[in-house]
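Reader: I am new to this structure and would be grateful for a close look at a single part of it, the surroundings of its aromatic cluster. Please explain each term as it arises.

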Amino acid sequence: MLGERWTLLIIRELLLGPKRFTDLGAKLPAAGPNRLTSRLRRLQGVGIVEKTAGGTYTLTEFGEGLRTPVIGLGLWGLGLMSEGIDTETARPDMVALCMTAAVSPNLLSGLAFECEVHTYESPESEAHAHEIFTMSVRDCALSVVSGPSESESAVMLYCSSATFIALTMDTLTLAEARRTGAARVSGKGTGLPKLFAAFAATTRELEPAL
């Protein structure tokens with residue numbers, strides 16, 4: 001069943017938190033509503049996905065068991081960026097999701113904050129974010145979910161998709177991105193440089209295996 005087209009992609013989207021049918025359709029438009037409905041029913045039937053009373057689809061405890069292998073495939077895919085970043089296929093939220101499994105807890109020591117990330121296609125389109133997701137660091141662990149932060153104290157990061165991936169893949173520092181206007185930060189973002197430094201260190205460690 002997991003080998004059927006779109007099934008793993010649906011699971012991948014749900015790793016970023018509960019989604020409504022319309023949310024999944026927007027992320028996977030090529031799947032079409034009929035095929036998406038069929039795949040969701042099958043995933044519900046085997047206990048991987050459940051539909052909540054609020055109308056959202058979410059992974060069950062059994063489904064959460066797929067988190068490590070699915071993110072592992074994503075980490076393998078990062079190796080395909082060695083010749084350049086293709087933001088048409090590499091989504092910043094998915095790259096951040098991969099970091100949740102790859103980054104060492106030691107590198108996150110002393111960090112405790114949330115960052116709401118707004119990515120766009122170009123600086124001219126900043127007002128119309130292409131993706132919005134939230135990175136949270138607590139107890140030496142990173143989590144990433146779709147959508148805005150619920151915390152009023154969250155740091156806000158605005159940058160293009162390509163800039164976010166460059167920050168993660170150790171080809172650009174946050175200081176350089178802010179200096180050139182490629183990224184804008186609002187709020188108390190003192191922990192953000194350390195987080196991206198942790199991403200960069202993780203990327204360097206992964207390079208021999210990619």
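Author: The account below begins with the whole chain and then turns to the aromatic cluster and its surroundings.

This is a predicted model, in which local features need pLDDT of at least 70 and side-chain atom pairs count only at pLDDT 80 or more, while totals for chains, interfaces and linings use all residues. Residues are numbered from 1 along each chain as its sequence is written, and side-chain values use heavy atoms, with hydrogens and water left out.

The protein chain comes to nine helices and seven strands; these are DSSP runs numbered from the N terminus, helices being H or I of at least four residues and strands E of at least two. Of its 210 residues, 45% count as buried. Here buried means under 20% relative accessible area, exposed means over 50%, and partly exposed lies in between, with a 1.4 Å probe and protein chains only. Among contacts (heavy atoms within 4.5 Å) between residues at least 6 apart in sequence, 65% join residues at least 24 apart.

The aromatic cluster is made up of Phe 133, Phe 164, Phe 196 and Phe 199. Rings of Phe, Tyr and Trp (its six-membered ring) pair if their centres lie within 6.5 Å; planes under 30 degrees apart count as stacked, over 60 as edge-to-face and the rest as tilted. By this rule there are three aromatic pairs. In one of them, Phe 133 and Phe 164 have ring centres 5.4 Å apart and planes at 90 degrees, so the pair is edge-to-face. This pair links distant parts of the chain, with Phe 133 in strand β4 and Phe 164 in helix α7 (residues 161-168), 31 residues apart. Phe 133 is buried at a relative accessible area of 1%, and Phe 164 is buried at 0%. Phe 164 also forms an edge-to-face pair with Phe 196, at 5.6 Å centre to centre and 75 degrees between the planes. Because Phe 164 lies in helix α7 and Phe 196 in helix α9 (residues 192-206), this second pair ties together parts that are 32 residues apart in sequence. Phe 196, like Phe 164, is buried.

Helix α7 deserves attention in its own right. Seven of its eight residues are buried, so the helix is largely enclosed by the rest of the structure. The buried residues of α7 are Ser 161, Thr 163, Phe 164, Ile 165, Ala 166, Leu 167 and Thr 168. Just after the helix, Asp 170 takes a positive phi of about 70 degrees.

Phe 164 and Phe 196 belong as well to a wider nonpolar setting. The largest nonpolar core has 50 residues, and those with the most contacts inside it are Met 135, Leu 142, Leu 157, Phe 164, Leu 192, Leu 195 and Phe 196. Such a core is a set of buried Ala, Val, Leu, Ile, Met, Phe, Trp, Tyr and Cys residues joined through side-chain atoms within 4.5 Å. In soluble globular proteins, nonpolar side chains tend to be buried together. Leu 195 touches Leu 108, Leu 111, Phe 113, Met 135 and Val 137, not counting residues up to four places away in sequence.

The strand that carries Phe 133 leads on to a hairpin. Strands β4 (residues 131-138) and β5 (residues 141-146) pair in the antiparallel sense over six bridges; two strands pair if DSSP finds at least two bridges between them. Val 137 stands opposite Leu 142 in β5. Two residues lie between the strands of this hairpin, where Asp 139 takes a positive phi near 50 degrees. Cys 140, in the loop between β4 and β5, likewise has a positive phi, near 65 degrees, in a residue other than glycine. Cys 140 is partly exposed, with a relative accessible area of 32%.

A further strand pair involves β6 (residues 155-160), which four bridges join to β7 in an antiparallel arrangement. The bridge partner of Tyr 158 in β7 is Arg 184. Arg 184 also lies over the face of Tyr 158, at 4.2 Å from the ring centre; a charge sits over a ring if NZ of Lys or CZ of Arg is within 6 Å of the ring centre and within 35 degrees of the ring normal. Along β7 (residues 183-186) the side chains alternate: Ala 183 and Val 185 point to one face and are buried, while Arg 184 and Ser 186 point to the other and are not.
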